[in-house]
Amino acid sequence: MIVQMKKEATKKEYERLVEFIRSKNLEIKDASSDDVVVFGIIGDISAIDPSDLYAFEGVKEVIRVSTPFKKASRSFKKKDTIVKIREDIEIGGDQFVMMAGPCSVESEDQLRVIAKGIKKAGAHMLRGGAYKPRTSPYAFQGLELEGLKLLRKIGDELGLAIVTEIPSADLLPLFEQYVDVIQVGARNMQNFHLLKALGKSTKPILLKRGLSATIEEWLMSAEYIMAGGNENVILCERGIRTFEKYTRNTLDISAVLAVKEVSHLPVIIDPSHAAGRWNMIEKLSMASMAVGADGLIVEVHHDPEHALSDGAQSLKLSKFSHMMDELEKLSTVLDKKLK
Ligand code: PEP
Ligand code: MN
C-alpha cells in the first residue's frame with residue numbers, strides 16, 4: 001500500500017499516521033522527494049483497510065498495490081486448485097465438469113426423468129434446487145427437505161454427484177448429510193454469517209457471483225470460506241446485472257480470464273441464469289469451454305413449458321444431448337476431457 005500526504009500536512013499529522021501503522025506491526029518505507037511525502041506500507045496489510053487511512057488528517061491518497069484476498073490469491077498459491085468431488089470427478093484440472101438438472105426439484109418422477117436424460121448425455125453431476133430463493137414469496141419455494149432426499153436418492157441410483165443451494169447456515173447439518181457440493185446462491189454471496197459457517201464444512205462449496213458483485217468482492221467471499229478452513233471453493237459466474245435488458249443478466253465471460261489471473265480457484269459458468277433464454281445456452285456453453293472455464297452448470301427440464309421455475313431458460317433433454325455432442329467435439333480441439 002502506498003500513501004501520499006497532502007502538501008500542507010504537518011509533521012504531527014504524519015507522525016500520528018506512522019504511529020498508527022506501526023501499532024499494526026507494519027513497517028514504513030519512505031519514498032519521499034523534496035516536495036512530496038510518499039511512503040509504502042510493508043507487511044501483512046490485511047490488518048488495515050486502505051480507506052480507513054483517510055480518517056487521518058493530512059492523507060491525500062492511499063493506493064493499494066496488493067489484493068485484499070490472500071488464500072484465494074494466485075500470489076499465495078501459484079498452482080491451480082483442483083477440487084475433488086469424488087474419485088472420478090475433479091474440477092480445475094483437465095476435466096470439463098458438466099452439472100445439469102432442473103431449476104427446482106418438483107417431484108420424484110420429474111427428477112428421475114431429467115437425471116436419466118442428463119446422465120445418458122454424459123453429465124457428471126445433478127443440480128436441482130430444494131430450497132428456492134424466489135423474488136416473489138408467492139412463487140414455488142421448493143420441496144425443501146424432501147427435495148434434498150430426492151436428490152440424494154436419484155443421484156445414488158444413477159451414480160451422479162449432487163449440487164444444491166443452501167439458503168441459511170442453520171441448515172448446514174442437513175446439507176452435510178445429503179449433498180456432495182453445497183451451492184451458495186448469487187443472492188447469498190455476501191451473507192458473511194453463512195460463508196463463515198461454510199468455512200467449517202467438509203463439503204466443497206460452489207460460490208455463485210452476486211448479482212452486482214465485482215470480481216474482488218466475489219473473491220473476498222471465497223476468502224471468507226477459505227479463512228475458516230475450507231479451501232475447496234469453486235467459483236461460478238452466472239451473469240451480472242447491467243443496463244442491458246435483452247438477456248436476463250449479462251454473462252461476464254471475461255471474468256473467467258480475470259479470475260484465472262488473480263486466483264488459483266476453479267471457475268465454472270452458469271449460462272442459464274446469465275442468458276435467461278434456452279436458445280442461447282448451447283453457444284454460451286461452447287464459449288465458456290473455449291474461454292477456459294472448468295465446467296458448466298446448466299438448467300435442463302423434460303417439460304420446460306410446465307416447469308415450476310425457470311422454464312424459459314431450461315433446455316429440453318434432446319437439446320441438452322445435442323449440446324453435449326457439440327461440446328464433446330470442441331473439447332478434442334481444446335484438450336479438455338468431457339465425457
Ligand atoms: C439457481 O442456480 O437455481 C439459482 C437460483 O441461481 P442464482 O443464485 O445464480 O440466481
Ligand atoms: Mn433457476
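Modeller: Domain bounds here come from an automatic or database domain assignment. In this predicted model, the protein chain splits into domain 1 (2-63) and domain 2 (83-334). Residues are numbered from 1 along each chain as written, chains are lettered from A and ligands numbered from 1 in written order. Local features need pLDDT of at least 70, side-chain atom pairs count only at pLDDT 80 or more, and totals for chains, interfaces and linings use all residues; side-chain values use heavy atoms, without hydrogens or water.

Colleague: What separation do the centres of domain 1 and domain 2 have?

Modeller: Taken over C-alpha atoms, it's 44 Å.

Colleague: Which protein atoms are donors of the manganese ion (ligand 2)?

Modeller: Donors are N, O and S atoms within 2.8 Å of the metal (3.2 Å for Na, K and Ca); water isn't among the atoms, so sites may look incomplete. Here they're Cys-103 (SG), His-273 (NE2), Glu-299 (OE) and Asp-310 (OD), lying 2.0 to 2.4 Å from the ion. His-273 sits in helix α8 (residues 271-275) and Asp-310 in the loop between β14 (295-299) and α10 (317-334), 37 residues apart. Helices (H or I, at least four residues) and strands (E, at least two) are DSSP runs, numbered from the N terminus.

Colleague: Is His-273 buried or exposed?

Modeller: Buried means under 20% relative accessible area, exposed over 50%, partly exposed in between (1.4 Å probe, protein chains only). His-273 has 9%, so it counts as buried.

Colleague: And how does Ile-63 in strand β4 (residues 59-63) count?

Modeller: Ile-63 is partly exposed, because its relative accessibility is 39%.
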